[in-house]
Structure formats: structure tokens, C-alpha cells
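Me: I am new to this structure and would like to go through it step by step. Could we begin with a term that will be needed for the helices?

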Amino acid sequence: MTEQASALTQEQETWVKQQYQTAVKYLAEKGIVTEKVAVEQSRYIAPQIAIWQFTCIDRQGYWVISGNLPCDHVHLESAPVARAALRHFALKWQLQADRLIKSADEQQQTFGKELINKAEGLYRLFEADDLWQ
């Protein structure tokens, strides 16, 4: 699922940089300050999805997902590698979507249905063995 930096077009490089900035900003909004990103563990398919492994100043590790989907994060202990993190997000989002769909709020129900679609897409990426060779 990773692309070699030398094989990226300028447009893809720009997208990857934007997703990195989006992920750092997302964590900062949650009160989590990043120290470094594990580039070799992070993965992306430009311009759809990026999953980043961060170490933060409090020495906690996180997976952060960004791209053409909602930003989200989980502790590094939730998944040992990016592929497992995708599965974790997919299952987490399915559970969240179930709660949202049961809500009386129509906007929450709509978001829940969108979240299910995103979760199913993540799970398909998780299952795609050819992406993880």
C-alpha cells in the first residue's frame, strides 16, 4: 500500500504532505503533540487514504487515518502494523455507525450510513493482499 517517494508525481507528493499536516493538526486539536512520524510504518494510497504512525511528546504512539474519509486515531497498541490498524478503524467505525443510525437525529443517521460505507471500504483495503506485498 505504500508508494516509493521517487515514483510519486508532484501532485501525489503534495497530497501526502497535506495529509501529514492534516493528521498532525487533527492530533493537536485533540491535545496530542507529535514528536515524530514513523515513515517506514506509515502507508498511503494517494489521493484516497493515508495511515500514519506517530510518536508523541508524551511517548505515546498513535495510528492516525486521514484522506477521503474522517480523520481518526487509536493508540499504537491497538494494532501492530498499518494493515491491522485499517481493520481496527473499520470495526470501530462500524460500531460507531450502529449507534448513530439508531439515533433520532436524521443528520446523525446520515453520517452513520456514510461511516458504514467508509468502514466497508477500509475493510476491503485490509483484505486486499496484493496491496500489502
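Reply: A crossing of two helices is called left-handed if the near helix is turned anticlockwise from the far one by less than a right angle, and right-handed if it is turned clockwise. Please note that this is a predicted model.

Me: Which hand does the crossing of helix 2 and helix 3 have?
Reply: Helix 2 passes helix 3 in a left-handed crossing.

Me: At what angle do the axes of helix 2 and helix 3 cross, and within what distance do they come?
Reply: The two axes cross at roughly 160 degrees and come within 8 Å. Because angles over 145 degrees count as roughly antiparallel, helix 2 is roughly antiparallel to helix 3.

Me: How many nonpolar, polar and charged residues are in the contact of helix 2 with helix 3?
Reply: That contact has 15 nonpolar residues, together with five polar and six charged ones.

Me: On to the interior. How many residues does the largest nonpolar core have?
Reply: The largest nonpolar core has 23 residues. Among those with the most contacts inside it are Ile49, Trp63, Phe89 and Leu122.

Me: Which helices and strands each supply at least two residues of this core?
Reply: They are strand 3 (49-56), strand 4 (61-67), helix 2 (82-101) and helix 3 (106-127).

Me: And which of them gives the most?
Reply: Helix 2 does, with nine residues of this core.

Me: What does the second core include?
Reply: The second core is separate and has 15 residues, including Leu8, Val16, Leu27 and Tyr62.

Me: A change of topic: how many disulfides does the structure hold?
Reply: The structure holds zero disulfides.

Me: Why is cysteine 56 not in a bond with cysteine 71?
Reply: The closest cysteine sulfur to that of cysteine 56 is in cysteine 71, and it is 14 Å away, which is too far for a bond. A disulfide would need the two sulfur atoms within 2.5 Å.

Me: Is cysteine 56 buried or exposed?
Reply: Cysteine 56 is buried, with a relative accessible area of 1%. Cysteine 71, by contrast, is partly exposed, with a value of 23%.

Me: Last one. Where is threonine 110?
Reply: Threonine 110 is in helix 3. Its side is partly open to the surroundings in the sense that threonine 110 is partly exposed, with a relative accessible area of 40%.

Me: How far is its C-alpha atom from that of proline 70?
Reply: The C-alpha atoms of threonine 110 and proline 70 are separated by 14 Å, and the two residues are 40 residues apart along the chain.

Notes
Residues are numbered from 1 along each chain as its sequence is written. This is a predicted model: local features need pLDDT of at least 70, side-chain atom pairs count only at pLDDT 80 or more; totals for chains, interfaces and linings use all residues. Side-chain values use heavy atoms; hydrogens and water are left out. A nonpolar core is a set of buried Ala, Val, Leu, Ile, Met, Phe, Trp, Tyr and Cys residues joined through side-chain atoms within 4.5 Å. Buried means under 20% relative accessible area, exposed over 50%, partly exposed in between (1.4 Å probe, protein chains only). Helices (H or I, at least four residues) and strands (E, at least two) are DSSP runs, numbered from the N terminus. Axes are lines fitted to C-alpha atoms, for helices over the stretch in contact, and angles run from 0 to 180 degrees between N-to-C directions. Angles under 35 degrees count as roughly parallel, over 145 as roughly antiparallel, 65 to 115 as roughly perpendicular and the rest as oblique. Ala, Val, Leu, Ile, Met, Phe, Trp, Tyr, Cys and Pro count as nonpolar, Asp, Glu, Lys and Arg as charged, and the others, Gly among them, as polar.
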